[in-house]
Amino acid sequence: MAHFSYQNEINSFLTMDGELARGPAPRWQKKIDLSTSSINSSVLSTSINKQKLSISYNNAAASFIANNNKTPRKNSSDGKSKKSPGRKTPTPNKNSKTPSGGDRFIPSRNTTNFELGHYMIKQTESQTTNNEEKNSTESSGQNDIQKLLTETMQGCEISNKRILSYQTKAPAAPESHLNPLRVVYSIKTPMSLKSGSRYIPVAPERILDAPDIINDYYLNLMDWSSENIITVALGSSVYLWNAATGIIDVLFENENGEHSCSLAWIQEGSILAVGTNSGTVELWDCQQMKRLRVMDGQTTRVSALAWNSYIVSSGSRDGSIVHHDVRSRDHNVATLSGHTQEICGLKWSTDAKYLASGGNDNLVNIWSTTSGALHTNSTPFCTFNQHQAAVRALAWCPWQSNVLASGGGTADRCIRFWNVSNQQLLNTVDTKSQVCGILFSKNYKELISCHGFANNQLTIWKYPSMTKQIDLTGHTARVLQMAMSPDGSTVMSAGADETLRLWNCFAPDPTQSKKEKSATRSKPSVFKQSIR
């Protein structure tokens, strides 16, 4: 009876929990000869511990999954760590005889946190549900937006529509505001800098080779005509470059190693004055590509030229200035002697009342016109002697005809502004480098200066505050001279590095009228038929 009762309990136990698939044989198979009471006690203890094992293992597995396969923390009470499911070392209960061995994981119930495991499982389920709902909501929202855009854009040519645009123009920045950010502007102006309320390209629009250009501070070897023709002297030859078509022509070539020293276009038309190394002034018709006449009057090279209607003024190395009337056979109408060294700068004022001359003697002379004539008196109206080096850079302000800007050489480096009416110095700016040229903008209250050592840059300034707007760099040697296009939008610089660079730095404001934006159309010269 005892054996029969014991066998029934064993069969019941195997039916509930199943046989162990692996591991050593259980103890009850090795001790069949135990007494009935011992067997019953052992079986009862085994059944209870099996139930504990099932509950403890399930909770431990849930806690293990919730903590992303991390090793369970140590219990602060006994300092022992929990065993991972992959380890084979069992932890049997000393008070009970539980099966052990194999790969079974038998954790201690006392070290298992059931509440934490339950909480972590619930949190994972909640997050999964929320993510599914969120994804469903976003997908629904995106579908609604896509449907709305499709209905709105139906029947429209999307390639010609602007999806986002301002209804009103953004307010302009203050005049003193400087924004150092660089932007991509266009193909011709790959980089630009915002200066005030406009963008100034910082890279040249085009670079041309200028081999054999003479590196002489006192010569003036480039000019830009009202018909958009640029002339430049390279070596012994004089070239014409059509800025609109890009066609290059050779006007003439000097013989016996001679070279031209100065070039100047008449205000309207295609007549070019050329100062020679022998002291003469030649007049060339660049449409017919022929020389019209040769005018003498000076014994040394003519390094500067300036036109005033039918009067062309020439400055020489001997310090003299001669006014030539191109209508008359006797062209020499006046000779001025106000400088002791070479004339390197000549400029007529915009109202044709004054002629400014700068020389290697560091002087700036102002000559006023005689009554009823276009040439000047033989004595200077006033003289400015504040410069400490040769004065080559001269420019008259286009909107203040009595204001003159002058720039000094290496020992001076300053740009000075003069009021010739009251003979007062208005302002002085130290540029930190040799000043080789100055041009006032036709489109903005600004001016541009070109420099030599040390940066060989062009600098744009606000006028009259003389706040520096931007430096245009690229030349590897000093900038000898500048010339401006007829519409005032582009400046060409000639450098001693044998390059010509076109800077689109004064492009007109696109908001102005078409009439203001259009380039100044050239007119036929009224003096061409009068030249003898």
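**Figure 1. Aromatic pairing in the predicted model, with Phe252 and Trp284 in close-up.** In this predicted model, the count of aromatic ring pairs comes to nine. One of them joins Phe252 and Trp284, whose rings are stacked, with 4.5 Å from centre to centre and 10° between the planes. Phe252 belongs to strand 8 (residues 248-253) and Trp284 to strand 11 (residues 281-285), so this pair ties together parts of the chain that are 32 residues apart in sequence. Both Phe252 and Trp284 are buried.

**Figure 2. The ring pair of Phe417 and Tyr463 and the cluster around it.** The ring centres of Phe417 and Tyr463 are 5.5 Å apart and the planes stand at 50°, so the pair is classed as tilted. Phe417 is part of strand 23 (residues 414-419), whereas Tyr463 occupies the loop between strand 27 (458-462) and strand 28 (468-472); the pair therefore ties together parts that are 46 residues apart in sequence. Phe417 has a relative accessibility of 2% and counts as buried. Tyr463 is also buried, with a relative accessible area of 10%. Through ring pairs, Phe417 and Tyr463 are linked with Trp399 and Phe440 into a cluster.

**Figure 3. Arginine side chains over tyrosine rings.** Two arginine-tyrosine arrangements are shown. Arg327 lies over the face of Tyr310, at 3.1 Å from the ring centre. In the other arrangement, the charged end of Arg392 sits over the ring of Tyr217, at 5.9 Å from the centre of that ring.

**Figure 4. The loops that hold Thr340 and Asp361.** Thr340 is found in the loop between strand 16 (332-337) and strand 17 (343-348). With a relative accessible area of 67%, Thr340 is exposed. Its C-alpha atom is separated by 8.2 Å from that of Asn360, a residue 20 positions away along the chain. Asp361 is placed in the loop between strand 18 (354-359) and strand 19 (364-368). Unlike the exposed Thr340, Asp361 is buried, with a relative accessible area of 13%. When neighbours within four places in sequence are left aside, Asp361 is in contact with His339, Thr340 and Gln341. The C-alpha atoms of Asp361 and Val391 are separated by 8.1 Å, although the two residues are 30 residues apart along the chain.

**Figure 5. Surroundings of the buried loop residue Gln457.** Gln457 lies in the loop between strand 26 (446-451) and strand 27. At 4% relative accessibility, this glutamine counts as buried. Apart from residues up to four places away in sequence, Gln457 touches Ser433, a group comprising Ser449, Cys450, His451 and Gly452, a further group comprising Asp471, Leu472 and Thr473, and also Val479.

**Figure 6. The largest nonpolar core and a second, separate core.** In soluble globular proteins, nonpolar side chains tend to be buried together. The largest nonpolar core in the model holds 31 residues, and the members that touch the most others are Met222, Val238, Leu251, Leu272, Met492 and Leu500. Strand 6 (residues 229-234) gives the most to this core, contributing five residues. The contacts of Met492, not counting residues up to four places away in sequence, are Leu208, Met222, Trp224, Ile230, Trp241, Gln481, Met482, Ala483, Leu500, Arg501 and Leu502. A second core, separate from the largest, has 20 residues, among them Ile460, Ile470, Met482 and Phe506. Met482 is thus a member of the second core and is also touched by Met492.

**Figure 7. Segments annotated as WD repeats.** An unreviewed UniProt entry lists residues 262-294, 336-377 and 472-504 under "repeat: WD". In the model, residues 262-294 are 0% helix and 61% strand, and the C-alpha atoms at the two ends are 14 Å apart. Residues 472-504 are 0% helix and 52% strand, with end C-alpha atoms that lie 11 Å apart.

**Figure 8. The whole chain as context for the close-ups.** The secondary structure of the chain comes to five helices and 31 strands. Of its 532 residues, 42% are buried. Among contacts in the chain with a separation of 6 or more, 48% are between residues 24 or more positions apart. The accessible surface comes to about 29700 Å², and carbon and sulfur atoms account for 49% of that area.

Methods. Residues are numbered from 1 along each chain as its sequence is written. This is a predicted model: local features need pLDDT of at least 70, side-chain atom pairs count only at pLDDT 80 or more; totals for chains, interfaces and linings use all residues. Side-chain values use heavy atoms; hydrogens and water are left out. UniProt positions are given in the numbering used here, feature names are shortened, and annotations may be inferred rather than shown by experiment. Helices (H or I, at least four residues) and strands (E, at least two) are DSSP runs, numbered from the N terminus. Rings of Phe, Tyr and Trp (its six-membered ring) pair if their centres lie within 6.5 Å; planes under 30 degrees apart count as stacked, over 60 as edge-to-face and the rest as tilted. Buried means under 20% relative accessible area, exposed over 50%, partly exposed in between (1.4 Å probe, protein chains only). A charge sits over a ring if NZ of Lys or CZ of Arg is within 6 Å of the ring centre and within 35 degrees of the ring normal. Contact means heavy atoms within 4.5 Å. Accessible areas come from the Shrake-Rupley method with a 1.4 Å probe; for residues, only the protein chains shown count as cover. A nonpolar core is a set of buried Ala, Val, Leu, Ile, Met, Phe, Trp, Tyr and Cys residues joined through side-chain atoms within 4.5 Å.
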